[in-house]
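This report describes selected contacts and helices in the structure shown below.

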Amino acid sequence: MKLTPKQATLLVLAALIALTPFFFPSGYYYRVGALIFVNGLAVTGIVILTGYAGQVSLGHAGFAGIGAYACALAPVHLGLHPALAAVLGAILSGCMAWLVGRPILRLKGYYLAVATLGFGILVSMVLNNERWLTRGPDGIDVPDLGLRGLLKGWGLDLSNGEFWYFFSGLCLLVGAWLALNLYDSPTGRALRALHGSEIAARVVGVDVARAKLQAFVISAVYASFSGSLLALQNKFVTPDVAGFMHSIEMVTMAVLGGVGSVLGAIFGAGILTLLPQALTVFAEYEQLLLGLVMMLVMIFLREGLLPSILRKIRGTGE
Amino acid sequence: MMKLTKTTTALATLALLGLAGPALAEIRIGATLSATGPASFLGDPEAKTLEMLVEEVNAAGGINGEQVELVLYDDGGDPNKARTFATRLVEDDEVSAIIGGTTTGTTMSIIAVAEDAEIPFISLAGAVDIIDPVKPYTFKTPHTDRMACQKIFEDMQKRGFSKIGMISGTDGFGASMQAQCKSVAGEYAIEIVADETYDPKDADMTAQLTKIKGAEGIQAVLNPGFGQGPSIVTRNYKQLAIGLPLYQSHGVASDGFIDLAGADAAEGVRLPGTALLIAGILPDSDPQKPVVTAYKTAFETRTGTPVGTFGGYAHDAFLILKDAITRAGSTEPAAIRDAIEATSGLVGTTGTYTMSPENHLGLDLSAFRMLEIKGGTWSMAE
């Protein structure tokens, strides 16, 4: 049986998630792995928006912030289970994306980037300043998801790090599967068509504004779930999660790894999560080295790291 | 293409180097501080202080004859990173204790990890929430913002003020202190007749100050905040010739504040500070004199920058830890924790620490000194 590219991608991802722990020297690596998966989930959303549809958002951390604070606030104020709170956050993020995106996405060019930039900053300001609700810049506690305790009851006793590693890994796998399905669907084809040329897409009957809006809403939901996962894992969240730097980080991860492919973007998330950990020895030069890596990738590997490396391996160079 | 493959290989090698296991030492102490990022003016002196003290201790033969290794990470003020580094310190570096959490946000992230792993943790952040309610493994060295409010209101009461205005930063420090001050004002019969805020990035606070100036019966103004905001407030305050006594918080208790605000504008400003700022004019009878003088001299010789309150927090955290490990005679985290809790009469730069199972800060109001800026330098306000 020959694997389709979609099955191959999912298989590689699943194998990586399942097998890497055998090489972990200590529990700390589970934490790093879990962070890669959480970032990977957000970045998969960026692939749909930027890689498929060719739109740029500079405010996706705003949606991550909504997802994260939903998990902190909804259980306390609405009595929701944290898992339902994450779903509520995702719905809220989707609605916000729809409201922000609807007027903007009718326009061409960089309007979305500017509007999302503003949106992200707004969310961050609300989280910082509405102290009565969010407790401000010092952050707020997030209730326990409770799933780890449940698994323990069923005889599966995982440490906190292990649990979040596998749980985030599973979420990423589901997220990647959905994104890959979308790629081959009529919607995905419409998105790719408008990425290639908006006019051509319009000529063949694609509702360009609608397709862009769909991509934006879906990617917002991804970012929101990523924020929820982070908050539930840390059991504590501060407005930094919605900060501008986090938005930039998401885009950078996707572009570095290869914004056109799900696996590439996750690879980018892995690199940018690992590098600061690996470079602690050179803490003072960390930013310098990160900048250098990014410049080199942008100059020599314009498609992103993974697609370029794969091309090299397959020997189908330009 | 080839070049890049080489770069990638080089980076992978670097990654392996960085992730490789740490070298062996007898006593390993971990720290995650915000040496870069928005809180770097706090974290940087803290990091330098810890490095200096560890070198000093090792040169003097270590603790109980064992050398100390400091594993120091820079979380850039990001709570998520702080949590990752705390996990790394606990799981990978296997430290006996953690110092750190420059800000309240990073501290709160570290607490979860430290408490879970049962590793003693001494925070360098201000908020009262860190030690209230008391958590078994969490301690802290700086005064709480609530204590700063109490000290300031005590001084205001002495000077006969009852109606004051407040202008606070909206950052974590300013907002938290604003809330604490409002909640204790009643105890000192002080009424807050004007309550304004500014964004820490604002370049001008004239509008808010003008509004405060116009408040009915106002006698003094208090500015909870840190960073550059309070300097701008102080300058605008002078420009508007408000003429009422201005109080700043312990958040700006460093020479940098006087430089930024200008000696002229800062003249007469009062704030609660630590003995460290007035090391030169402390009477010889003061128990803190030898400690603060030694730290000030060593830090200023080594770094060439003036000593500040924040580095002092790190100094005291290390002092407490050193004292506890000496008394415990062990590097077992649980033994160190018990010893820290039994700290008694330990003189640091911030004050004299006496911990108990109910009090994981161990300072009282007497450790704060009401300072006044006179002629571009600190003096004791009496």
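The sections that follow cover the contact between the chains, the domains of one chain, and some of its helices.

## Contact between chains A and B

The model is predicted. Chain A and chain B each put 34 residues into their contact. On the chain A side, the elements that give two or more residues are α2 (28-52), α5 (111-129), α11 (208-234), α13 (262-278) and α14 (286-300). Of these, α2(A) gives the most, with four residues.

By class, the side of chain A that touches chain B has 16 nonpolar, twelve polar and six charged residues.

## Domains of chain B

Chain B is assigned two domains, each made of two stretches of sequence. Domain 1 takes in 25-143 and 297-364, while domain 2 takes in 145-277 and 367-380. Taken over C-alpha atoms, the centres of the two domains of chain B are 29 Å apart.

Where these domains touch, 18 residues come from domain 1 of chain B and 19 residues from domain 2 of chain B. On the domain 1 side, the elements that give two or more residues are α4 (104-117) and α12 of chain B. That side of domain 1 has five nonpolar, twelve polar and one charged residues.

## Packing of α2 against α12 in chain B

Helix α12(B) (residues 309-328) also meets helix α2(B) (residues 40-59). The two axes come within 7 Å and cross at roughly 35°, and the crossing is right-handed.

The residues of α2(B) in this contact are B:L42, B:P45, B:E46, B:K48, B:T49, B:L50, B:L53 and B:V57. They meet B:F310, B:G311, B:Y313, B:A314, B:H315, B:F318 and B:K322 in α12(B). By class, the contact of α2(B) with α12(B) has nine nonpolar, three polar and three charged residues. An α-helix has 3.6 residues a turn, so residues three or four places apart point the same way.

## Helix α3 of chain B

How many residues of α3(B) are buried? The count is 14 of 14, so the helix is mostly covered, where a buried residue is one with 20 or more other C-beta atoms within 10 Å of its own C-beta atom.

Helix α3(B) covers residues 79-92. Its 14 residues should span 20 Å because each residue is taken as 1.5 Å, and the expected span is 1.5 Å times one less than the number of residues. The end C-alpha atoms of α3(B) are 19 Å apart, which agrees with that expectation. Just after α3(B), B:E94 takes a positive phi of about 50°.

Key
Residues are numbered from 1 along each chain as its sequence is written. Chains are lettered from A and ligands numbered from 1 in the order in which they are written. This is a predicted model: local features need pLDDT of at least 70, side-chain atom pairs count only at pLDDT 80 or more; totals for chains, interfaces and linings use all residues. Axes are lines fitted to C-alpha atoms, for helices over the stretch in contact, and angles run from 0 to 180 degrees between N-to-C directions. A crossing is left-handed if the near helix is turned anticlockwise from the far one by less than a right angle, and right-handed if clockwise. Two residues are in contact if their C-beta atoms, placed from the backbone, lie within 7 Å. Ala, Val, Leu, Ile, Met, Phe, Trp, Tyr, Cys and Pro count as nonpolar, Asp, Glu, Lys and Arg as charged, and the others, Gly among them, as polar. Domain bounds come from an automatic or database domain assignment. A residue is buried if 20 or more other C-beta atoms lie within 10 Å of its own, exposed if 12 or fewer, and partly exposed in between; C-beta atoms are placed from the backbone.
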